[in-house]
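Work through the exercises below with the sequence and the 3D view at hand. Try each task before reading its solution.

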Amino acid sequence: MKCNRPIGFDTLVAYYLGELPQQREALLEEHLFACACCAGRLDEIAALAAGVRTAVTEGRVSLVASAPFVEAMKRAGLSVREYRLDPGGSVNCTIGADDDAVVSRLHAPLAGVQRLDVVSIGGDAAEVRLADVPFDAQTGEVLMIPSAAWLKTMPAFTMRMRLIAVGEAGEKQIGEYLFNHSPS
């Protein structure tokens, strides 16, 4: 089906999330009622969002999250185990059979940081670098959520994470954290 006036993906996502101004939302809804093509694309976005929500709540994906996201997980009734680490810190950690998620709250001096990368090594994986992760400079916090399904299958292992500030002057390590995981 061909659409004469296709709506952009970003606009449809903003509509789905309720982030459009009211007047623009009303105009878009009028278009969606008349255009099966764009309405179908919106249905695909809703299905994708549902799939992502399921993958996250079932602990099948690892992600970097925001504090409001973690609070929403708790409000949804998920059991969330949390560990807070300061730079240079280490923690003995585990995941219980009833835990839905484990959140690592990595604290660091993030004021003025333009871009932040996370480098991890350990477990059953080679070094992994996540580029340009979200962080809260005001609280100095990065929230890492590893796959709960993966963690529940892992034997004892040690993982090291480093926060790397990336800017015009290059890279600078601003925190290193050690996780000593043991099975529950």
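A residue is buried under 20% relative accessible area, exposed over 50%, and partly exposed in between. Keep in mind that this is a predicted model.

**Exercise 1. Place Glu82 and its partner Arg105 on the scale of buried, partly exposed and exposed.**

Step 1. Take Glu82. Its relative accessible area is 29%, so Glu82 is partly exposed.
Step 2. Take Arg105. Its relative accessibility is 14%, so Arg105 counts as buried.
Step 3. Check the contact. Glu82 and Arg105 form a salt bridge, with the closest N and O atoms 2.4 Å apart.
Step 4. Locate both ends. Arg105 is in strand E4 (residues 101-107). Glu82 is in strand E2 (residues 80-85). The two are 23 residues apart, and the pair links distant parts of the chain.

**Exercise 2. Find which parts of the chain the salt bridge between Arg162 and Glu127 ties together.**

Step 1. Start with the distance. The two side chains meet at 3.8 Å, N to O.
Step 2. Assign the strands. Arg162 lies in strand E8 (residues 157-167) and Glu127 in strand E6 (residues 125-130), so the bridge ties together parts 35 residues apart in sequence.
Step 3. Grade the exposure. Arg162 has a relative accessible area of 24% and is partly exposed. Glu127, at 51%, counts as exposed.

**Exercise 3. Describe the salt bridge between Glu71 and Lys74, then name the network that includes them.**

Step 1. Read the distance. The side chains of Glu71 and Lys74 meet at 3.4 Å, N to O.
Step 2. Find the element. Both residues lie in helix H4 (residues 67-75). They are 3 residues apart, about one turn of the helix.
Step 3. Grade the exposure. Glu71 is partly exposed at 34%. Lys74 is partly exposed at 32%.
Step 4. Follow the shared partners. Salt bridges join Glu71, Lys74, Glu82, Arg105 and Glu141 into one network.
Step 5. Set this in context. The structure holds 11 salt bridges.

**Exercise 4. Decide how the overall spread of the protein relates to that of a compact globule.**

Step 1. List the elements. The protein has 5 helices and 9 strands. Their order is α-α-α-β-α-β-β-β-β-β-β-α-β-β.
Step 2. Use the radius of gyration. It is 20 Å, well over the 16 Å that the globule rule gives for 184 residues, so the protein is more spread out than a compact globule.
Step 3. Add the box. The C-alpha atoms fill roughly 55 × 45 × 30 Å along the principal axes.
Step 4. Add burial. Buried residues make up 38% of the 184 residues.

Definitions and conventions. Residues are numbered from 1 along each chain as its sequence is written. This is a predicted model: local features need pLDDT of at least 70, side-chain atom pairs count only at pLDDT 80 or more; totals for chains, interfaces and linings use all residues. Side-chain values use heavy atoms; hydrogens and water are left out. Helices (H or I, at least four residues) and strands (E, at least two) are DSSP runs, numbered from the N terminus. The radius of gyration is taken over C-alpha atoms; the globule rule is 2.2 Å times the number of residues to the power 0.38. Buried means under 20% relative accessible area, exposed over 50%, partly exposed in between (1.4 Å probe, protein chains only). A salt bridge is a side-chain nitrogen of Lys or Arg within 4 Å of a carboxyl oxygen of Asp or Glu.
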